[in-house]
Amino acid sequence: MIHKSVFLILTISLFSCNLKAEENSKDTKVAITQEVGDGNELATFGNGCFWCTEAIFQQLEGVSKVESAYAGGEVKNPTYKEVSSGTTGHAEVLRVVFDPKVISFTELLEVFFSTHDPTTLNRQGADVGTQYRSAIFYHNEEQKKTAEAMIAAMEKENIFDDAIVTEITALNNYYPAEDYHQNYYNNNKTQGYCRAVINPKLEKFKKQYKEKLKKS
């Protein structure tokens with residue numbers, strides 16, 4: 001599949017995404033682990049293996065934190081092994097803390113759609129299973145409307161050769177992944193997977209989005 005230009009996405013009207021306070025259960029594992037801070041908002045995406053996608057979103061100016069996690073399933077407190085079995089219903093996701101004054105939710109969606117394949121159902125390359133599904137877990141109605149509008153615009157313009165299968169659903173059953181998954185690329189740059197898989201994706205991304213990257 002050949003991706004067409006995604007830059008026309010920026011012509012879509014920007015929606016103001018007002019963060020709504022989100023309450024999880026009192027279980028310590030489900031507690032939000034980031035300090036969101038005044039004025040910041042949250043976005044949660046499922047776009048394949050979170051080792052790769054975490055490294056991409058961490059590069060963006062206006063993004064203060066990225067957390068690897070599981071969402072959208074039925075099992076409480078799932079482990080990586082359980083999620084990887086494809087039996088829990090969870091997707092591997094990223095929770096992104098961002099400053100909308102610096103980078104908008106629409107711009108995050110542009111990165112989301114241009115750095116994974118949203119047309120392959122329950123699959124990203126060699127990674128197969130519902131845990132790798134393309135998904136946007138919205139935090140409020142404005143995020144939902146923005147995502148729906150963007151997909152409709154891309155489908156109308158035939159941005160991708162095949163139909164977009166990205167799931168758009170309210171965030172539910174969110175659980176942070178185990179500690180060793182957090183900041184994975186930065187902590188394991190010499191590991192074989194990082195060098196062979198993540199490095200090429202990251203370099204391609206940096207060239208395409210150099211104007212949106214953090215300066216330091």
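Reader: Before helix 6, what does "contact" mean here?
Author: Contact means that heavy atoms lie within 4.5 Å. Please also keep in mind that this is a predicted model.

Reader: Then what covers the buried residues of helix 6?
Author: The cover includes helix 1 (50-57), helix 3 (105-114) and helix 5 (184-187). The buried residues themselves are Cys194, Ile198, Leu202 and Phe205.

Reader: Where in helix 6 is the kink?
Author: The kink is at isoleucine 198, shortly before proline 200, and amounts to about 40 degrees. Ile198 is also one of the buried residues of this helix.

Reader: How far apart are the end C-alpha atoms of helix 6, and what span is expected?
Author: Helix 6 has 17 residues (192-208), so at 1.5 Å a residue it should span 24 Å. Its end C-alpha atoms are 24 Å apart, which agrees.

Reader: Which residue caps the N-terminal end of helix 6?
Author: Glutamine 191 does, with a side-chain oxygen 2.7 Å from the backbone nitrogen of tyrosine 193.

Reader: Let me step back. How many helices and strands are there in the protein?
Author: The protein has 6 helices and 8 strands. Along the sequence they follow the pattern β-α-β-α-β-α-β-β-β-α-β-β-α-α.

Reader: And how much of the protein counts as buried?
Author: Of its 216 residues, 50% count as buried. The accessible surface comes to about 10400 Å², and 50% of that belongs to carbon and sulfur atoms.

Reader: What share of the contacts links residues 24 or more positions apart?
Author: Among contacts with a separation of 6 or more, such pairs account for 79%. Isoleucine 56 gives an example of residues that are apart in sequence: 56 residues separate it from phenylalanine 112, while their C-alpha atoms are 9.4 Å apart in space.

Reader: Where is isoleucine 56, and is it buried or exposed?
Author: Isoleucine 56 is in helix 1. It is buried, because its relative accessible area is 3% and buried means under 20%. Leaving aside neighbours within four places in sequence, isoleucine 56 is in contact with Val111, Thr115, Leu202 and Phe205. Leu202 and Phe205 are among the buried residues of helix 6.

Reader: Why is helix 3 described as largely enclosed?
Author: Helix 3 is largely enclosed by the rest of the structure because 10 of its 10 residues are buried. They include Glu107 and Glu110, as well as Phe105, Phe112 and Phe113.

Reader: New topic. Which residue does the UniProt "active site" annotation cover?
Author: According to the unreviewed UniProt entry, that annotation covers Cys49. Cysteine 49 lies in the loop between strand 1 (41-47) and helix 1. With 9% relative accessibility, cysteine 49 counts as buried.

Reader: What is cysteine 49 in contact with?
Author: Not counting neighbours within four places in sequence, cysteine 49 is in contact with Glu92, Asp127, Tyr132 and Tyr193. The C-alpha atoms of glutamate 92 and cysteine 49 are 6.5 Å apart, although their positions lie 43 residues apart along the chain.

Reader: Where is glutamate 92, and what does its side chain reach?
Author: Glutamate 92 is in strand 3 (residues 91-98). Its side chain reaches the backbone nitrogen of phenylalanine 50 at 3.0 Å. Glutamate 92 is buried, with a relative accessible area of 1%. Beyond four places in sequence, the residues that glutamate 92 touches include Phe45, Ala69, Tyr80 and Gln131.

Reader: What about arginine 133: buried or exposed?
Author: Arginine 133 counts as buried, at 10% relative accessibility. It is found in the loop between strand 5 (127-128) and strand 6 (134-138).

Reader: Which side chain does arginine 133 join in a polar contact?
Author: That of glutamate 167, at 2.8 Å. In addition, a polar atom of the arginine 133 side chain lies 2.9 Å from the backbone oxygen of threonine 130. Asn122 is among the residues that arginine 133 touches.

Reader: What is the phi of asparagine 122?
Author: Asparagine 122 has a positive phi of about 55 degrees although it is not a glycine. Asparagine 122 lies in the loop between helix 3 and strand 4 (123-124) and counts as partly exposed, at 23% relative accessibility.

Technical notes. Residues are numbered from 1 along each chain as its sequence is written. This is a predicted model: local features need pLDDT of at least 70, side-chain atom pairs count only at pLDDT 80 or more; totals for chains, interfaces and linings use all residues. Side-chain values use heavy atoms; hydrogens and water are left out. Helices (H or I, at least four residues) and strands (E, at least two) are DSSP runs, numbered from the N terminus. Buried means under 20% relative accessible area, exposed over 50%, partly exposed in between (1.4 Å probe, protein chains only). Accessible areas come from the Shrake-Rupley method with a 1.4 Å probe; for residues, only the protein chains shown count as cover. The expected span of a helix is 1.5 Å times one less than its number of residues. The bend at a residue is the angle between axes fitted to the seven residues ending there and the seven starting there. A polar contact is a pair of N or O atoms within 3.5 Å; within protein, one must be able to donate a hydrogen and the other to accept it, and residues adjacent in sequence count only if both atoms are side-chain atoms. UniProt positions are given in the numbering used here, feature names are shortened, and annotations may be inferred rather than shown by experiment.
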